[in-house]
Amino acid sequence: MLTPDKQLSAEQSRQVAETIREEIARRRISRQALAEQAKLSLSTLEKVLGGRRPFTLATTVRLEQALGVSLRKGQDAAPAAAVNGDVSPDGLGAYSRRSVAWLEDVYVTLRPSFGDKEAIYAYRTEIAWDPTVSSLVFREGERLDAAYAQFGEVAVPNQSGHIYLVTNRHGQHRLITVSRPRISGEMYGIITTLLAGRGSMLTPIAAPIAFLPVKSVASPTLGRISPDDANYPLYREHLRRTTDEPFAVFLPG
């Protein structure tokens, strides 16, 4: 058994370094950010990843805790309990953090404007892992109607091949069902929510919705996007793709 300051073998160090590089690329994080999360110096991280210094058990454990994955294999692997917090509840799909890391991103979210049939409503949605609930969560921001910004859990079941963004506030639900991301990261589907009318009147409504990685839009604009906005043709194209391809089907009454 390894002691905390014992060095890993050259082969173990190579495997650990390869896994870490994969995680960095998958999550699109910098080495500096990882070093800070693991409470290591950037110099130490650079040396072990570059093969100029072998990994010690202590360094490996810190990196495992920062990434939420087991980096070692065989008899020196961390106990399963160390990563049990990185598996979501069964009701959300029992997915591991590593298996859904590709979903963690900031998205420009598009849907038709409920108040103006020619306009598109655009706002920001962030999807990230929350260790306190052991699952992906989403949070909306930069909405014109900030009081209605939503946040909730993300379900990723294997069976349907779709992703569900679920808001549940005192039994009142809002559900977004989208496809898994395309190669370039976009997701398309349906939002089902309630439309606020006069007074306290609420009416069920469904509409197409699209999520675009914010980095894929050169100069994103948010809010109520009218036809004279520079991004309107791009946004309209993505919303139409939802039903044209189709990623979602709306049946006539």
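**Entry 1: the two centres.** I began with the distance between the centres of domain 1 and domain 2, taken over C-alpha atoms, and got 33 Å. I remind myself that this is a predicted model. The domain assignment of the chain puts domain 1 at 10-67 and domain 2 at 90-244.

**Entry 2: who touches whom.** Next I looked up the contacts. On one side I found eight residues of domain 1, and they are in contact with six residues of domain 2.

**Entry 3: buried area.** How much area do domain 1 and domain 2 bury between them? I noted about 590 Å², with 41% of it on carbon and sulfur atoms. I then checked which residues supply the share of domain 1, and Arg26, Arg27 and Arg28 stood out with 71% of the area that domain 1 buries against domain 2. No other three residues supply more.

**Entry 4: charged pairs.** I searched across the interface of domain 1 and domain 2 for salt bridges, and the rule finds two. One I looked up joins the side chains of Glu23 and Arg98, at 2.8 Å from N to O. For polar contacts, I counted one residue pair between the domains, both residues at pLDDT 80 or more.

**Entry 5: the side of domain 1.** Which elements give two or more residues to the side of domain 1 that touches domain 2? I wrote down α1 (10-27) and α4 (57-67). Of the elements, α1 gives the most, with five residues. Last, I sorted that side of domain 1 by class: five residues are charged, two are nonpolar and one is polar.

Technical notes:
Residues numbered from 1 in each chain as written. Predicted model: local features only at pLDDT ≥ 70, side-chain atom pairs only at ≥ 80, totals over all residues. Heavy atoms only, no water. Domains from an automatic or database assignment. Contact = heavy atoms within 4.5 Å. Buried area = accessible area lost by both parts, 1.4 Å probe. Salt bridge = Lys/Arg side-chain N within 4 Å of Asp/Glu carboxyl O. Polar contact = N/O pair within 3.5 Å; in protein donor to acceptor, adjacent residues only side chain to side chain. Helix = DSSP H or I, 4+ residues; strand = E, 2+ residues; numbered from the N terminus. Nonpolar A, V, L, I, M, F, W, Y, C, P; charged D, E, K, R; others polar.
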